[in-house]
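This report walks through a model of several chains. Keep the sequence and the 3D view at hand while reading.

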Amino acid sequence: MSTAEKVLVYDRIKGVKQIPLEEFYTSGHRTCQGCESATVMRQFIKAAGPRTVVAGSTGCMYVANTSYMTTPWIVPWMHTQLGAGGSSAVGMAAGLRALMRKNRIPQEKINVISFCGDLGGGDMGLSGISGALQTDYDLLIIMYDNESAANTDIQATGLTTWGAQTTFSPVGRVRRIMHRRWKKNVAAMLAVGHPNCRYVATACATFPPLDFLNKVRKALSVGGPTFIHTYDPCPKGWDFHPRYSHELGELGVRSGLLPLYEIIDGQVVYTYDARKTAKGRIPVREYLSRQGRFAHLTEEDIAYIQRMVDEMWDEWEVPGVAPFRGNLKVPA
Amino acid sequence: MAVAQPVGVYEREDLLTGCQAVAEGIRLANVDVIAAYPIRPYTEVMDAISKIIADGKLDAEYIVADSEHSQFEIVKHAASVGARAFAGSSGTGWMYGFEALVVTATDRLPVLFLVGNRALDDPGAFGVEHNDALAIRDMGWLLCWVATAQEALEHVLLGYRIAEDKRVMMPMALAMDGAFLTHSQHIVRIPSQEAVNRFLPPFDLAERRLHPDNPVSIAPQVNEDWVMEIRRQNWEAARRARGVITAAYEEFNQVFGPRYKPPYYFEEFQTEDAEVVLVGMGTVAMPARTAVRRLREQGHRVGYVNLRWFRPFPTLELRDCLRRFRAVGVIDRDFAHGAPDDGGVLLHEVRSCLYPLRERPAVVNFITGLGGRDVSIQDAIRMYEITQEAARKDRLDGFVTWVGVRE
Amino acid sequence: MIKRVEINYRGIFQKTLAKKIGGDIVMIASRMGQVGFSNGRYSDAPERNGIPCKYFAFVSPDLSEEELEAECGAKLDIDEANISVVLDDTMVKGVEPWAWHGVRPINEKVVPYGHMLVVSRRKPEDLVRFMARKPYPYYLALLEGDTSFAGLWVYRDDLTHERVLGALAGLDPQLLSIEAVKSYLWEKTHEQHRVDAAQQAFESVRQNIYEVTPAQGIDWPYEIPKLPKWYEFSEGVVVKGVPREFHLGPKGQSRNQLFKRGTTKSQRPVVRFDLCTKCTLCWLECPDQCFDPTPDGYYDVDYEYCVGCGKCAEVCPVQECIVMVDELAFEDNRSPWEHWKQDPEGYVRWAEEKKGKYRVLPNVVTGTGARVVEVEPVPVGGKPKPAARAGA
């Protein structure tokens with residue numbers, strides 16, 4: 001554990017047998033078979049517990065969970081707008097703080113959590129999240145990233161991996177690759193831009209086990225506004241058989257394309273550092289080849305993605321996190 | 001307006017702009033959460049509130065938002081946990097957050113907003129125009145125009161009282177002409193906290209509030225099996241609001257003295273024996289009433305109807321009022337390009353309200369005062385003359401006159 | 001006269017296929033001088049993997065396009081189907097596409113003497129035993145074949161599309177004539193094997209039409225929820241959350257009673273509790289929270305809610321402990337753990353009989369094929385062995 005981790009006091013789940021058994025987001029929702037975003041929902045509220053209020057912005061985790069006029073939520077939950085992930089959290093936190101201070105409701109710790117997808121968090125709602133991370137309210141914003149506007153049947157967003165096929169980036173006869181944007185680095189961007197924000201992390205719902213659950217607990221314990229970006233392999237959008245959802249997450253992380261880390265009070269702690277494993281990072285090809293959305297990639301395309309990932313880990317000052325390059329390699 | 005009122009109801013007088021008067025109302029209403037974002041001409045209300053909070057006169061959360069969309073969402077979610085909330089905007093800012101405004105109504109959350117009426121972009125212009133607030137009219141909002149700073153303060157209190165009523169539960173837009181009311185200073189009598197507490201009950205969202213002790217899910221996704229019923233519920237609430245508005249004014253008068261006369265939705269000025277009236281909203285009342293006085297000196301029987309409540313529209317009351325006259329001139333400080341007869345928004349509302357009558361007054365329309373252009377007393381007199389002419393004719397050729405445009 | 005064709009399919013996995021079939025029905029009928037149009041069922045969208053969906057095609061030989069549109073257009077669902085195509089035979093167990101809809105029979109819309117065309121390798125009695133009894137006769141036609149699944153981006157070209165068109169011609173030559181089907185396919189693709197596939201299906205389906213009488217089928221066990229009037233439910237678009245309730249054991253976790261989702265699955269996990277090492281992974285990784293922890297540390301499956309994704313089977317670290325088996329092999333949603341506790345050896349025999357000798361391991365990219373492996377069943381008391389992982 002890092003110094004920062006040792007100092008942070010929170011109710012850590014030490015083993016799989018200690019994971020709370022009760023569900024607060026339960027069966028009976030219309031998500032895809034194998035949906036990792038649903039797993040994210042289930043895990044975050046399991047880690048947070050029942051003294052929580054949740055706002056969920058428009059996206060798969062709204063429409064698929066509550067279709068129609070129904071709910072799988074056991075804790076209080078409210079819909080919010082696509083770009084309102086940040087502002088909804090601030091509104092709930094401010095309202096609760098005022099009511100407690102004015103003695104209209106009992107004083108207690110109530111977790112305030114808002115979630116948004118990659119479109120709502122990385123693109124549309126970025127200004128609202130930024131505003132939220134500058135406040136002093138205790139809140140957690142979770143951006144669940146399935147690399148597409150999944151609820152509208154899979155369109156590209158700022159967090160879609162380069163080259164992926166979506167309905168906005170189909171493979172055509174003249175233009176084979178329509179999506180040429182490199183995945184936006186949202187978590188690090190937010191950490192760099194909000195020095196008073198004490199906790200920012202990336203996570204994968206199911207790999208490594210317990211990691212996401214504990215990250216949620218850390219975020220809810222540290223105080224102030226916090227942010228977690230989860231990587232959610234999406235069988236519908238990425239085109240793989242639902243039973244392999246866990247595999248895809250693990251492969252993405254092991255390849256280095258999906259960096260796993262947390263930033264606690266300015267300290268970067270790698271959750272999974274592929275450089276430190278015996279085999280090192282696995283080739284991105286092993287991850288890309290298992291998804292139908294990359295079936296059209298050529299050797300050149302894969303080499304490009306590999307090069308970008310190599311740069312992330314070999315050349316950045318803060319590998320996998322922040323694309324700052326030092327002058328260390330330039331001779332005097 | 002000088003009427004005897006119960007002792008101890010007003011604690012002092014102050015010179016306040018329309019914005020500042022609203023800020024005093026927010027203080028007295030013990031609002032819990034305020035979200036601010038700057039746009040002329042409503043911004044001053046937020047300046048004033050921040051000072052009130054900084055000086056310890058109001059205990060509230062004050063958040064400076066990153067955009068109007070965030071601003072409106074913040075107060076909506078604050079209301080969802082049971083906090084009394086306030087925000088506001090003007091012109092294009094109001095439009096920026098429009099999505100949030102629509103859902104606040106369909107979520108049935110009684111947040112109060114100040115709309116400092118301002119012309120919509122493009123081009124950018126700061127002057128008064130009513131289209132910003134009017135844009136919300138179909139969505140299930142309470143919408144009213146105030147014409148004085150005193151009214152502005154009092155309608156913050158009335159606003160929360162009506163909006164938060166369990167039979168209503170709709171957000172409220174308090175519209176105020178930019179510059180002419182937002183920025184001009186008038187003497188305002190400020191109620192005592194004790195009197196306000198007698199009038200305004202605390203906000204109670206009951207079984208709809210978001211709290212761990214009340215596990216509900218608010219606004220799940222729906223399909224064609226549900227939307228129509230939900231709309232019907234909200235339609236019904238707007239209808240019920242009329243009765244609640246009347247009750248609220250009566251309660252207000254009991255606490256503060258007979259400040260408002262029935263039917264409360266509008267105020268008539270010298271209409272008892274009038275042949276011809278103008279109807280308008282906001283500060284255009286001032287040149288209009290002055291024109292009435294001058295014309296009356298010359299023996300003309302004219303009057304003015306100052307419409308306060310636009311939504312819910314006081315159909316029956318206004319119909320009963322206007323049917324007495326031979327001609328009605330509707331003043332639109334807004335535009336509705338391409339509308340029937342190319343008339344403004346209020347024209348269509350008034351016409352529609354009069355339609356069921358077998359015998360109706362002639363109705364003409366004036367589009368005036370757009371983008372902050374003055375409506376002078378002379379302009380008002382001209383409007384009366386045109387309306388009087390309409391009263392004399394058997395048939396009208398044109399309905400709309402642009403008053404005050406250079407042509 | 002109006003012919004209404006509904007295509008029942010599994011969302012996403014058969015989306016492209018259903019759309020092609022529906023669209024081509026209209027194109028071919030139009031070449032025959034008829035009018036037609038097609039559309040998906042709006043409330044199905046956005047589709048989710050496995051959720052039951054419908055696509056419609058409307059054709060008329062005698063009405064004008066305007067009249068056909070007036071009768072069938074601007075509507076979200078149909079009241080009756082002359083032909084109901086079922087692209088995944090597990091859907092005969094019932095379909096529940098969204099909350100408040102209820103689990104409804106697959107043959108709900110079929111008209112008297114209408115046709116239900118099912119792509120299946122099963123015998124008719126295997127299917128009818130799950131279907132609701134209707135008060136009039138109708139026909140069940142079987143098109144022999146495996147369920148054709150593919151993802152959004154890589155289409156599975158296994159000729160199911162062409163064969164269904166051929167089979168439709170076999171059921172109703174006035175709707176689509178086999179000549180029109182073949183000439184359309186030839187013109188579009190110039191590929192003889194597609195034309196031949198349609199012809200072959202046309203011939204074979206006519207040998208596989210069975211009349212289903214009012215005596216056959218089951219009394220439908222599911223209730224359809226009643227939608228409340230506008231004044232019968234809360235204002236403010238608020239619904240009560242699922243009540244908080246948890247205890248160890250089968251159905252110990254409270255779940256959403258309005259939407260059970262069990263009809264989303266084509267397969268269900270069969271668990272060998274005797275091999276289980278209680279690692280928690282199946283329970284932990286299930287996106288639909290279908291596992292109920294038991295007092296003795298196992299994880300029971302609530303099949304009413306299981307959507308059949310197979311994740312549990314994949315992450316289970318023990319070979320043969322969780323295996324996905326075709327949904328049509330199961331009559332009920334009995335708690336497997338309870339079954340095992342009551343009769344440990346009988347349960348294992350039952351489980352192995354359901355699993356059979358072959359394991360089908362789909363390739364990672366949907367619809368690109370699968371490995372079929374023959375296995376030796378693990379006897380009761382056999383040692384748990386580590387499973388191979390797809391990522392390895």
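Ten strands form an open sheet with mixed pairing, in the order E8(A)-E7(A)-E5(A)-E6(A)-E4(A)-E3(A)-E1(A)-E2(A)-E9(B)-E8(C). Its edges are strand E8 (267-272) of chain A and strand E8 (238-240) of chain C, each pairing on one side only. From one strand to the next, the twist averages 20 degrees. Helices (H or I, at least four residues) and strands (E, at least two) are DSSP runs, numbered from the N terminus. Two strands pair if DSSP finds at least two bridges between them.

This is a predicted model: local features need pLDDT of at least 70, side-chain atom pairs count only at pLDDT 80 or more, and totals for chains, interfaces and linings use all residues. Residues are numbered from 1 along each chain as its sequence is written, while chains are lettered from A and ligands numbered from 1 in the order in which they are written.

**Inside the sheet**

Strand E5 (residues 199-204) and strand E7 (residues 260-264) of chain A pair in the antiparallel sense, over three bridges. There, A:Tyr199 has A:Ile264 in E7(A) as its bridge partner. Helix H4 (residues 85-101) of chain A packs on the sheet. H4 touches strands E1 (52-57), E2 (77-80), E3 (111-117) and E4 (139-145) of chain A, and its direction makes about 170 degrees with that of E3(A). Helix H7 (residues 186-193) of chain A lies across E4, E5, E6 (225-231) and E7 of chain A. H7(A) runs at about 170 degrees to E5(A). Axes are lines fitted to C-alpha atoms, for helices over the stretch in contact; angles run from 0 to 180 degrees between N-to-C directions.

The sheet also crosses between chains. E2(A) and E9(B) run parallel, joined by two bridges. A:Met78 stands opposite B:Ile218 in E9(B).

**Contacts of chain A**

Residues are in contact if their C-beta atoms, placed from the backbone, lie within 7 Å. Chain B brings 39 residues to its contact with chain A, which brings 45 residues. On the chain B side, strand E3 (61-64), helix H3 (68-80), helix H5 (98-106) and strand E9 (216-218) each supply at least two residues. H3(B) has the largest share, nine residues.

Between chains C and A, 52 residues of chain C are in contact with 56 residues of chain A. Helix H7 (281-285) and helix H8 (311-315) of chain C each supply at least two residues of the chain C side. H8(C) gives the most, four residues.

The table sorts both sides by class. Ala, Val, Leu, Ile, Met, Phe, Trp, Tyr, Cys and Pro count as nonpolar, Asp, Glu, Lys and Arg as charged, and the others, Gly among them, as polar.

| Side touching chain A | Nonpolar | Polar | Charged |
|---|---|---|---|
| Chain B | 20 residues | eleven residues | eight residues |
| Chain C | 27 residues | 14 residues | eleven residues |

**Chain B**

Chain B has 13 helices and 16 strands. Its C-alpha atoms fill a box of roughly 65 × 55 × 40 Å, taken along the principal axes. The domain assignment, automatic or from a database, gives domain 1 (10-256) and domain 2 (266-403) of chain B. Their C-alpha centres lie 28 Å apart. Across the boundary, 26 residues of domain 1 of chain B are in contact with 19 residues of domain 2 of chain B.

Key: Contact = placed C-beta atoms within 7 Å.
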